[in-house]
Amino acid sequence: MNFIKRAIRNVTRKPSKSILLILTFFLIGNLVIIGLGVSNASESAKILTRQKMRAVVSYKIDYNKVNDYVMQLTDEDEINRFYENYPRVKLADVAVLLQDERVRTANAVNTNMWYSDKDNTLDFVHLNNQVEENMGENGQSCWYDENNVQQCETYKEPYFLIKGNMFPSMIEFEDGDYQIVSGRFYTQQEIDNADMVCLVSENLAALNGISVGDTITLAVSYYSNWLEQYEIAEEELESGFEVIGIFSHNNPITPDAPNFDYIYPYENPDNMIFMPSTSEYMAQLALSQKQFDYFARMYPEESYYSEDKRPSMENMEDNLYIENVTLLLDDPMNVDRFVEDHQDSLSQFTSLDANNEEFNKLAKPLDTLSIYANFIVWLVLINAIVIITLVTALTLKTREYEIGVLLSVGASKLKVIGQFFIELAIVAIIGFTLSIVSGSLIAKTLGNKVLEYQIASSEIVEENNYYYYYSNGFDPWSTDYSTDITLDDLVSEYEVKISPLIIAEIYVLGLGIVFISVIIPSFMIMRYNPKKILMNQN
Amino acid sequence: MSAILELENLNYSYIDGGYERQILQDLSYSFEEKQFYTILGPSGSGKTTLLSLVAGLDTPKSGRILFEGKDIKEIGLHKYRRNDISIVFQQFNLISYLTALENVLLAMSETDNELPKDRKNVAYNLLERFGIVASKADRLVNQLSGGEQQRVAIARSLASNVNLIFADEPTGNLDTATEKEIINIFKDLAHEYGKTIIVVTHSDSVSSMSDQRVLLRDGKLTKL
């Protein structure tokens, strides 16, 4: 008869002792399940909500770092020099981050409003709203000069929103918000060569009979007086772009959209045109250079207008003023880790932002709940260990005789310890198994009540997110790709469930309690002398 | 007949009230196989201490105990207890939550000695041989009488198939009739089954039935 059989017999043939121990483990089990269930529900709610959020990390200029640095400068010239060479996000640094296999793509976007050539050969997709009805061919921008005399400049109304990126894919396309229906996205080579290529929407293509491979002419925006002031011909503002792709999108604007009547043509995603940032820069280069030349003539002493600062393809990166690059990762759960991994190797004055401040703020009640629940689990476990250890140690005294007999017939001390462990493990498993049923029911009810109380006492002030135009939160100008979440998003994911993992955890903890509880009694057994025990008995 | 157990210059003492109390002094003796021995002696003479030493439950301060010519320290006390000897106690020392049969099987499960495969039947037969029928064998031991429990203890001592059995006042808690029965069993074990039985007792009636009577006095054993 081995020690396992003996243990089973001891448990089954001493029912009152076993029932008391089962009851003890049952109570411990209930408390542990409640704690684990609530803690797990809090963590799961956070994870599920986090998974719904876009996996984006912003690599940007850290203005706090900039400010701290400037604050400690005392020399005026030094401060001026710093501002002249104000920190920018370097594409070379972004390239290093892009080598991380968790990064799917990056957006370093620059946006412009353009229009068709002077003959308006390219029509825009119409919404037929109030703005379009009132919109003439030209707009006016007015201001008051130093003599309080109103000055006005006329400009041609732009129709198209140009979105350029420095990388050969965009978050919008990777995420499926925009889909290529024909052709392709631009390549790194086209970006590097500043090839005049673009992607247009399927509605714009259909309206103008554009197919992939066609060339469309676009003109950069300008004020009418610029032509004379900067000595630039209208034709110089126009560029031909080969359409390499046609896309569809998930942001259609319908007449029931909020502020529908105030949406400008260039704010309609159908009138959005994607192209490499370099191509966008190239198209504006002639204007940029002539503007620069004009001001260089006006202010010849200004170092800002020195020859080396004249816009060119070589100093494009400086002139694009990139302050924020958004990286799209493969998994929202990798975001924090990614930031952690790269934070220390970033260039000066830059930082990585996991865009989770709001999330963390909203998740605070769940965090607090999780902390309390974990605290309860640990408290119960420690108490359980102490109680079971004491019970076992006290029981040992009454079983000295049995131990003496076992040792006298040649049973090893390890087998005796093993028997004690198995006996406790059996009652622990029975107690915990029973507690799974009752514990789950209590955990569900109690968990929800505690969360309600926690939220009520947390005094969370949710930020009133300002949605630019549309009910679905689409903002054509935004470079913020993070996902807005609310407390309701988090709470809706909160559900106390006793998963197989928790059940497994309960059993592991139960056996852990038994194991630790047997350690001290084991030392006592190891010190037992069978002669003393048996001679005392006899 | 050859010696199964030899004691060589055994010394044993302990501190009692600040004074060293010598229990065994240069004790030497040889126990032959297949004999039924009784060790007699006045109270406090060290009979139980001697039994605990030869049973491997304690160790002498000096001297050697040889089992079949081998020092039991070399065999290992734990292994010696498991495979070479068994002990019958005055209080029977059975495990209360096990049946009579399971108590016998316990000894079988712990020994390394070769045993028949059908242990359960062997255990039943062993118990039956000592008057414990199958219906009683399946009872918890605390449901048996004192005499029956001692029979179970003897059956257990034989279960591990050892040749040397020690007994410490095995009839101390039994009535005269049962005492006689138990002693007859010991005699049978020695003479029919070739076991060596060493019984520590203060009972003259028990010692009168043994093959050899040995007196423990002043820390030494003397053959009577």
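This dialogue concerns chain B of a predicted model, its helices, its sheet and its contact with chain A.

Visitor: How should the numbering and the reliability limits be read?

Guide: Residues are numbered from 1 along each chain as its sequence is written, and chains are lettered from A and ligands numbered from 1 in the order in which they are written. In this predicted model, local features need pLDDT of at least 70 and side-chain atom pairs count only at pLDDT 80 or more, while totals for chains, interfaces and linings use all residues.

Visitor: Why are helix 4 and helix 5 of chain B called oblique to each other?

Guide: Helix 4 (residues 100–110) and helix 5 (residues 119–129) of chain B pack at about 120°, with their axes 9 Å apart. Helices are DSSP runs of H or I with at least four residues, and strands are runs of E with at least two, numbered from the N terminus. Axes are lines fitted to C-alpha atoms, for helices over the stretch in contact, and angles run from 0 to 180 degrees between N-to-C directions. Under 35 degrees counts as roughly parallel, over 145 as roughly antiparallel, 65 to 115 as roughly perpendicular and the rest as oblique. Helix 4 and helix 5 of chain B are therefore oblique.

Visitor: Which residues of helix 4 of chain B make the contact with helix 5 of chain B?

Guide: Ala100(B), Leu101(B), Val104(B), Leu105(B) and Met108(B) make it from helix 4 of chain B; residues are in contact if their C-beta atoms, placed from the backbone, lie within 7 Å. The partners on helix 5 of chain B include Ala123(B) and Tyr124(B).

Visitor: What makes strand 6 and strand 10 of chain B edge strands?

Guide: Six strands of chain B form an open, mixed sheet in the order 6-7-8-3-9-10, where pairing requires at least two DSSP bridges between two strands. Strand 6 (85–88) and strand 10 (220–223) each have a single partner strand, so one side of each lacks a neighbour in the sheet.

Visitor: How do you know that strand 9 and strand 10 of chain B pair?

Guide: Strand 9 (residues 212–217) and strand 10 of chain B share four bridges in the antiparallel sense, which satisfies the requirement for pairing. In one of these strands, strand 10 of chain B, Thr222(B) is the bridge partner of Leu215(B).

Visitor: Which element gives the most to the side of chain B that touches chain A?

Guide: The contact takes 23 residues from chain B and 19 residues from chain A. Helix 4 of chain B gives the most to the chain B side, with six residues.

Note on methods. Two residues are in contact if their C-beta atoms, placed from the backbone, lie within 7 Å.
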